[in-house]
Amino acid sequence: MNELTTKTLTCIVCPIGCQIEVRLSENGQVKDISGNTCKRGYAYAETEFTNPTRTLTSTVRCKSKSERFLPVRTSAPIPKPKLNEAMELIKTIDVSAPIKMGEVVYADFVEKGIDLLACKTVEE
């Protein structure tokens with residue numbers, strides 16, 4: 001007989017913060033999800049156990065008269081197991097002013113189609 005494990009997590013998709021219960025089979029497959037009040041919560045819980053992703057925010061070195069660092073973020077969430085690789089890559093990135101908020105700092109950043117974007121405009 002297969003035993004199911006129940007895990008509880010707090011949904012972070014909206015401010016409600018539903019307590020979602022996820023029932024997993026012995027091999028870690030999602031069997032049942034309950035406690036969510038919307039479809040987004042269901043999708044969040046399922047993703048957390050099958051392919052967890054995170055939007056990465058950080059800073060890169062900036063060559064400018066006014067700023068030493070530029071805040072950056074990924075254009076979309078990246079797989080959680082790639083976060084350490086992403087941070088090692090960020091350490092190697094230098095940008096030069098001028099740069100505009102939303103500008104691509106590094107294209108195809110650890111995942112094809114996901115870019116590293118500037119989160120601030122630096123004029124000089």
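In the predicted model, strand β5 (residues 57-63) pairs with strand β6 (residues 69-74) in the antiparallel sense, over five bridges, where helices (H or I, at least four residues) and strands (E, at least two) are DSSP runs numbered from the N terminus, and two strands pair if DSSP finds at least two bridges between them. Within this pairing T57 stands opposite R73 of β6, and the connection from β5 to β6 is a hairpin through five residues. Strand β5 is also joined to strand β8 (residues 94-96), with which it runs parallel, by three bridges, and V95 in β8 is the bridge partner of C62. Residues are numbered from 1 along each chain as its sequence is written. Because the model is predicted, local features need pLDDT of at least 70 and side-chain atom pairs count only at pLDDT 80 or more, whereas totals for chains, interfaces and linings use all residues, and side-chain values use heavy atoms, with hydrogens and water left out.

Strand β6 contains F69, which is partly exposed at a relative accessible area of 41%; here buried means under 20% relative accessible area, exposed over 50%, and partly exposed in between, with a 1.4 Å probe and protein chains only. Leaving aside neighbours within four places in sequence, F69 is in contact (heavy atoms within 4.5 Å) with T59, V60, R61 and C62. The C-alpha atoms of F69 and V122 are 9.9 Å apart in space, although the two residues are 53 residues apart in sequence.

The largest nonpolar core, a set of buried Ala, Val, Leu, Ile, Met, Phe, Trp, Tyr and Cys residues joined through side-chain atoms within 4.5 Å, has 18 residues, and those with the most contacts inside it are V60, L70, V95, V105 and F109. Two or more residues are given to this core by each of β5, β6, α2 (83-90) and β10. Apart from this core lies another, of nine residues, among them C18, I20, L24 and I33. When residues up to four places away in sequence are not counted, V105 touches L70, V72, I93, V95, I99, L116, L117 and A118.

For helix α1 (residues 39-50), twelve residues at 1.5 Å a residue should span 16 Å, the expected span being 1.5 Å times one less than the number of residues, and the end C-alpha atoms are 17 Å apart, which agrees. The buried residues of α1 are G41, Y44, A45 and E48. Seen down the axis of α1, these buried residues fall within an arc of 95 degrees, so they line one face of the helix; the arc is that of the directions from the helix axis to the C-beta atoms. They pack against β1 (5-10), β2 (19-24), β3 (30-34) and β4 (53-54), whereas the face of α1 turned away from the buried side carries the exposed residues K39 and T50.

A search of the whole structure finds one aromatic pair, for which the rings of Phe, Tyr and Trp (its six-membered ring) must have centres within 6.5 Å, with planes under 30 degrees apart counted as stacked, over 60 as edge-to-face and the rest as tilted. The pair is formed by Y106 and F109, which are edge-to-face at 5.8 Å centre to centre with 80 degrees between the planes. Of these two residues, Y106 is partly exposed at a relative accessible area of 31%, whereas F109 counts as buried at 0%.

Backbone geometry was examined next. Most residues other than glycine have a negative phi, and most peptide bonds are trans. In the loop between β9 and β10 (116-118) lies D108, whose phi is near 50 degrees, a positive value in a residue other than glycine. Residue V110, located in the loop between β9 and β10, likewise has a positive phi, of about 55 degrees, although V110 is not a glycine. In terms of accessibility, D108 is partly exposed at 38%, while V110 is buried at 13%. A cis peptide bond, with omega about 5 degrees, joins A97 and P98, and P98 is placed in the loop between β8 and β9 (104-106).

The loop between β8 and β9 also holds K100, which counts as exposed at 51% relative accessibility. Once neighbours within four places in sequence are left aside, K100 is in contact with A118, K120 and T121. Between K100 and K120, which are 20 residues apart along the chain, the C-alpha separation is 6.5 Å.
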